[in-house]
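Please open the model in your viewer and keep the sequence panel beside it, so that each selection can be followed in both. The tour moves from one selection to the next.

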Amino acid sequence: MLEFIEQELAALKQANLYRSLKTIEKIEGSKIVIDGKELVNFCSNDYLGLSQHPKVKERAIEAIKEFGTGSRASRLVCGNTILHEQLEKKIAQFKGRESAIVFPTGYMANVGTITSLVGENDTIIIDRLNHASIIDACRLAKAKLQVYGHRDIVTLEAILKRSAKFAKRLIVTDSLFSMDGDIAPLPDIIKLAKEYNAITMIDEAHSTGTLGKNGRGAEEHFNTEEQTDIVMGTLSKAIGSLGGFVAGSKPLIDYLRNKARSFIYTTALPPASCAASLAAFEIIESDDSFLASLKHNEKLLKADTPIIPIITHDAERTITIARQLFERGLFVSGIRPPTVPEGESRLRITVTAQHSKEEIECLVSSLRQLIPA
Ligand SMILES: *Cc1c(COP(=O)(O)O)cnc(C)c1O
């Protein structure tokens, strides 16, 4: 009965779409060790390097000593500690909103939020290149899904125009696109949402800590603070820990605490993760040198964000180049379908505050050799 599994795996291998795990044996700053080989890591989402910061680690250790390793129940039962509460307050303040709620992951934040906000009589309108967790949330939600082209405001307006019959219209977009490194046209989206009376939700997973003068996200980057209804993000990227969050009005957050199934029916984040995130936010707020180093490194790569895609189209070519970079001591992820559309395979380079000028120059010269213009 289970032959299909082996057949499917063989088909994935045949199409160069098979995935396997790489095992990290050691982490030291921008470097990692895999199979005993030291590599400069160009695929981490720890953009500011805060997962390795001594103060962040220390606060997590203190929390383990005080509260233990697990949170022992869901938030609404007895998994809610003072650290969860402090973290939610900090996030609300950081995002300039009345209130915030944390979920165990960003994936769960998207799933719980979207499925609890819209139903049968509603429609969700999304960018074609939104993150998989948004797509999965839309599949679970009973609302009608409508997709516009990447950053295509004209089509978004056309969809809004013909969607008056729906009770609620929810526009959801990544603010900094995870595989493309470009930014959603937030001011235009906000304007259209106001005009057509739609709800707006932005996913600031990659922009929290990396965009805007103080790293507060795309909203700060565009000076459109507090103009979207729902701000979602993750604590697992620039914040260096684990967890997802939503910030917004008090009633919105209260509603999610009562309705979001991925908040209610799962164990709370470990207290140590909350403590680590709290420490990371405090560092971001008090010391701008991490963001300054990140911006400096982005400039060395002539980029405006820390995510730099190099489109290689073909899956086989992509893994070949990734392997050649690996041999040169550079760890870059080759991204293939279904993470990106067919024919849009790419090397996804992420730069962080921790990279040195020499490491970046080595990457650039290797890419020039391996991918002649
Ligand atoms: C990573 C990511 C998520 C999921 O966050 P996790 O905390 O890793 O589950 C959601 N949305 C986007 C755009 C992401 O890049």
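**Stop one: the ligand**

Select the ligand together with its surroundings, and you will find 15 residues around the ligand, the closest being Gly106, Asp203, His206, Thr234 and Lys237. Keep in mind throughout that this is a predicted model.

Now show the side chains of three residues, one after another. In His206, a polar side-chain atom lies 2.6 Å from an oxygen atom of the ligand. In Lys237, an N or O atom of the side chain is 2.6 Å from an oxygen atom of the ligand. Turn then to His131, where an N or O atom in the side chain is 3.4 Å from a nitrogen atom of the ligand.

**Stop two: helix 12 and helix 4**

Select residues 271-286, which form helix 12, and then add residues 82-94, which form helix 4. The axes of these two helices come within 9 Å and cross at roughly 30 degrees. Because angles under 35 degrees count as roughly parallel, helix 4 and helix 12 are described as roughly parallel to each other. The crossing of helix 4 with helix 12 is left-handed.

To see where they touch, display the side chains on both helices: helix 4 contributes Leu83, His84, Gln86, Leu87, Lys90, Ile91, Gln93 and Phe94, while helix 12 contributes residues including Pro271, Ala275, Leu278, Phe281 and Glu285. If you colour this contact of helix 4 with helix 12 by class, you should find 10 nonpolar, four polar and three charged residues.

**Stop three: helix 12 and helix 2**

Keep helix 12 selected and add helix 2, which covers residues 54-67. The two pack at an angle of about 150 degrees, with their axes 8 Å apart. Angles over 145 degrees count as roughly antiparallel, and helix 2 and helix 12 are therefore roughly antiparallel to each other. Helix 2 passes helix 12 in a right-handed crossing.

Which residues of helix 2 meet helix 12? They are Lys55, Val56, Arg59, Ala60, Ala63, Ile64 and Phe67, and among their partners in helix 12 are Ala272, Ala276, Ala279 and Ile283. By class, the contact of helix 2 with helix 12 holds 13 nonpolar residues, no polar ones and three charged ones.

**Stop four: helix 7 and helix 8**

Clear the selection, then pick residues 153-161 for helix 7 and residues 186-196 for helix 8, whose axes are 11 Å apart and meet at an angle of about 15 degrees. Helix 7 and helix 8 are therefore roughly parallel to each other, and helix 7 passes helix 8 in a right-handed crossing. On the side of helix 7 the contact is made by Ile153, Leu156, Glu157, Leu160 and Lys161, and on the side of helix 8 by Asp188, Ile189, Leu192, Glu195 and Tyr196. These residues of helix 7 and helix 8 divide into six nonpolar, no polar and four charged.

**Stop five: two details of the backbone**

Select Asn197, found in the loop between helix 8 and strand 8. Although Asn197 is not a glycine, it has a positive phi of about 60 degrees.

Finish at Pro338, whose place is in the loop between strand 13 and strand 14. A cis peptide bond, with omega of about 5 degrees, joins Pro337 and Pro338.

Conventions. Residues are numbered from 1 along each chain as its sequence is written. This is a predicted model: local features need pLDDT of at least 70, side-chain atom pairs count only at pLDDT 80 or more; totals for chains, interfaces and linings use all residues. Side-chain values use heavy atoms; hydrogens and water are left out. Axes are lines fitted to C-alpha atoms, for helices over the stretch in contact, and angles run from 0 to 180 degrees between N-to-C directions. Helices (H or I, at least four residues) and strands (E, at least two) are DSSP runs, numbered from the N terminus. Angles under 35 degrees count as roughly parallel, over 145 as roughly antiparallel, 65 to 115 as roughly perpendicular and the rest as oblique. A crossing is left-handed if the near helix is turned anticlockwise from the far one by less than a right angle, and right-handed if clockwise. Contact means heavy atoms within 4.5 Å. Ala, Val, Leu, Ile, Met, Phe, Trp, Tyr, Cys and Pro count as nonpolar, Asp, Glu, Lys and Arg as charged, and the others, Gly among them, as polar. A residue is near a molecule or strand if one of its heavy atoms lies within 4 Å of it. A polar contact is a pair of N or O atoms within 3.5 Å; within protein, one must be able to donate a hydrogen and the other to accept it, and residues adjacent in sequence count only if both atoms are side-chain atoms.
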